[in-house]
Amino acid sequence: MTARAPLSAVFCDKRKFIVADTPGHEQYTRNMVTGASTADLAVILIDARKGVLIQTMRHSYLVSLLGIKKVVLAVNKMDLVDYSEEVFEKIRSDYLKFAEQLNFEEITAIPVSALKGDNMIGASEAMPWYKGPSVLEHLESVEIGTEDLSRPFRMPVQWVNRPNLDFRGFSGTIASGTIRVGDAIVEPASGQSSKVARIVTFDGDLEEAFKGQAVTLTLEDEIDISRGDILCATQDRPATADQFEAKIDWMSSNPMLPSRTYLLKLGTGTTAARISNLKYTVNVNTMEQMASKKLELNEIGVCNLSLDKAISIAPYAENPGPGSLILIDRFTNATEAAGMIEFALRRAENIHWQSVDIHKEARAEQKGQKASVLWFTGLSGSGKSTIANLVEKKLHALNKHTYLLDGDNVRHGLNKDLGFTDADRVENIRRVGETSKLMVDAGLITLVSFISPFRSERQMARGLLEEGEFLEVFVDTPLEICEARDIKGLYKKARAGEIKNFTGISSDYERPENAEIVIDGGRTSSEDAADQIIATLEMRGFI
């Protein structure tokens with residue numbers, strides 16, 4: 001239950017409440033989303049003197065977004081409008097008209113005066129025209145949570161419990177539905193199925209368990225299940241997909257950039273994910289849908305996410321527990337966003353990997369080399385393209401098969417539609433990373449010369465390849481030397497404000513921390529740098 005009060009437990013004669021303070025001001029959007037995500041009912045406060053405000057709409061939209069179906073509309077400060085029935089009915093009518101576009105099942109409007117306690121606990125003598133329940137009476141009697149038991153069984157596996165060879169169970173908290181001994185269950189991603197042999201708890205075995213209970217299930221068959229998998233009812237299993245649509249509430253001061261890879265935590269499982277398409281952002285004051293390329297702090301957007309593997313997808317509207325997700329920064333482990341799954345994308349079910357007989361090892365062996373990527377990174381003017389060109393010439397002289405992807409050249413074709421904003425830079429590297437992966441599959445030694453200013457995208461490119469196939473070459477040339485060279489005149493234009501988002505001047509460059517090869521671009525000649533790289537390739541067995 002949400003209300004504007006400090007987080008606390010409240011004990012009454014008929015029901016226990018957990019009350020959370022979740023203010024709806026724009027800067028507290030993430031607070032409200034977090035608080036409302038586990039609520040059964042929301043109390044929306046309205047000042048009787050002011051009526052339905054933009055902030056009221058914000059509160060209500062966020063409550064609806066989180067799937068709360070029942071609302072108490074508490075019209076407060078009735079003492080300041082002389083307990084007017086007309087004022088109350090006008091506010092009630094205005095709110096009900098606005099709420100038609102939301103998904104509420106039940107709205108109970110109650111006129112109150114918190115200062116004097118009118119209609120808070122019992123009836124108000126000052127408002128004899130109101131015949132409904134007080135706030136407390138309604139909260140004690142309203143039906144909530146009755147739909148949980150009718151939902152299909154879902155249990156994310158928290159722990160594979162095997163204290164000895166005679167016992168193997170799968171521990172977790174039941175997210176929805178019920179489970180009984182003898183019920184058929186399945187892990188939908190793999191399709192493995194069995195029947196429940198025992199339901200074990202701290203207090204002993206059960207014949208039946210319900211939503212919210214922590215249990216360990218033992219099965220009749222030995223099946224391969226790990227932490228992060230989800231056990232489901234066989235007759236009602238969720239969709240399995242590696243792409244889905246979701247509503248995302250961005251909680252970080254760092255903007256969300258489409259194509260950047262994050263860690264997605266869904267239930268007890270974690271996988272790599274990227275936002276492949278930001279469809280629109282939602283103005284939570286007006287509910288207007290607006291086109292955007294990124295999400296800023298406290299903004300809400302609807303987007304598509306692509307994962308590195310197929311998982312079980314449960315829409316939030318059907319099952320809030322398994323349908324909730326968070327996005328995590330891969331380097332800082334900070335929570336960047338919270339989200340709600342809308343639905344699996346059907347196209348994810350229609351795309352299958354086509355097996356081929358000739359694989360990359362065979363292609364590379366034919367060429368007498370190990371397929372790999374040499375990823376050159378550094379500031380503009382650092383010398384990385386010159387060094388990469390010399391390395392390719394030396395490899396060509398050794399009869400090795402190569403291809404050089406240069407930043408400027410690629411922007412003439414594959415990436416000609418991209419600019420130099422942070423969002424476009426992220427997409428620029430994603431495309432090049434995928435291209436270099438294809439070239440490695442072809443058995444080539446691929447040289448990639450891009451500024452690639454962000455660690456996250458360089459790590460994404462590395463993650464596309466197998467261990468040992470990616471060598472990061474950091475051409476470490478001080479900014480003042482790069483600027484003094486200024487072969488293309490770009491630094492001069494950037495300093496004059498003629499070029500925006502220029503790396504090193506008006507856009508950040510995140511230095512590599514663990515590059516396999518580091519070139520001192522201020523002291524080492526391009527020829528010596530190329531020889532150093534060739535020697536490393538020979539030492540590592542690439543050539």
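Which residue of S26 does tryptophan 375 stand opposite? In this predicted model, tryptophan 375 faces glutamate 472 in S26, and the report below starts from that pair of strands before turning to the helices and to a second sheet.

**The five-stranded sheet**

Strand S23, which covers residues 372–377, pairs with S26 in the parallel sense, and the pairing runs over five bridges. Both strands belong to an open sheet of five strands, in which the order is S24-S25-S23-S26-S27 and the pairing is parallel. Strand S24 (402–406) and strand S27 (517–520) are the edges of this sheet, and because each has a single partner strand, one side of each is left without a neighbour in the sheet. On average, and with direction ignored, neighbouring strands of this sheet are turned by 15 degrees against each other.

Two helices are placed against these strands. H8 lies across S23, S24 and strand S25 (445–449), and runs at about 150 degrees to S23. H9 also packs on the sheet, where it touches S23 and S26, and its direction makes about 150 degrees with that of S26.

**Leucine 471 in strand S26**

Leucine 471 is found in strand S26, which spans residues 470–476. Its relative accessibility is 1%, and since buried means under 20%, leucine 471 counts as buried. Apart from its neighbours within four places in sequence, leucine 471 is in contact with Val373, Leu374, Trp375, Glu516, Leu537, Arg540 and Phe542. Alanine 515 lies 44 residues away from leucine 471 in sequence, while the C-alpha to C-alpha separation of the two in space is 7.4 Å.

**Two packed helix pairs**

Two packed helices are described by the angle between their axes and the distance between the axes. The table sets out these values for two pairs.

| Helix pair | Angle between axes | Distance between axes |
|---|---|---|
| H1 (residues 29–36) and H2 (residues 54–65) | about 45 degrees | 10 Å |
| H8 (residues 422–441) and H9 (residues 455–463) | roughly 15 degrees | within 9 Å |

With an angle of about 45 degrees between them, H1 is oblique to H2, and H1 passes H2 in a right-handed crossing. On the H1 side the residues that meet the partner helix are Thr29, Met32 and Val33, and on the H2 side they are Arg58, His59, Leu62 and Val63. By class, this contact of H1 with H2 has four nonpolar, two polar and one charged residues.

For H8 and H9, the axes cross at roughly 15 degrees, and the two helices are therefore roughly parallel to each other. The crossing of H8 and H9 is right-handed. Val426, Ile429, Arg430 and Gly433 of H8 make the contact together with Glu457, Met460 and Ala461 of H9. Divided by class, the residues of the contact of H8 with H9 are four nonpolar, one polar and two charged.

**Glutamate 427 and serine 507**

Glutamate 427 is a residue of helix H8, and with a relative accessible area of 14% this glutamate is buried. When neighbours within four places in sequence are left aside, the contacts of glutamate 427 are with Ser259 and Leu418.

Serine 507 is placed in the loop between helix H11 (490–495) and S27. At 9% relative accessibility, serine 507 counts as buried. Leaving aside neighbours within four places in sequence, serine 507 is in contact with Asp422, Arg425, Asn501 and Phe502.

**The three-stranded sheet**

An open sheet of three strands has the order S3-S4-S5, again with parallel pairing. Its edge strands are strand S3 (41–47) and strand S5 (106–111), each of which pairs on one side only, and the twist from one strand to the next averages 20 degrees. S3 pairs with strand S4 (residues 70–76) in the parallel sense over seven bridges, and within this pairing valine 43 stands opposite valine 72 in S4.

H2, the partner of H1 in the table above, packs on this sheet and touches S3 and S4, with a direction that makes about 175 degrees with that of S3. Helix H3 (residues 85–99) packs on the sheet as well, touching S3, S4 and S5, and its direction makes about 160 degrees with that of S5.

Definitions and conventions
Residues numbered from 1 in each chain as written. Predicted model: local features only at pLDDT ≥ 70, side-chain atom pairs only at ≥ 80, totals over all residues. Heavy atoms only, no water. Helix = DSSP H or I, 4+ residues; strand = E, 2+ residues; numbered from the N terminus. Buried < 20%, exposed > 50% of the residue type's maximum accessible area, 1.4 Å probe, protein only. Contact = heavy atoms within 4.5 Å. Axes fitted to C-alpha atoms, helices over the stretch in contact; angles between N-to-C directions. Parallel < 35°, antiparallel > 145°, perpendicular 65-115°, else oblique. Left-handed = near helix turned anticlockwise from the far one by under 90°. Nonpolar A, V, L, I, M, F, W, Y, C, P; charged D, E, K, R; others polar. Pairing = 2+ DSSP bridges.
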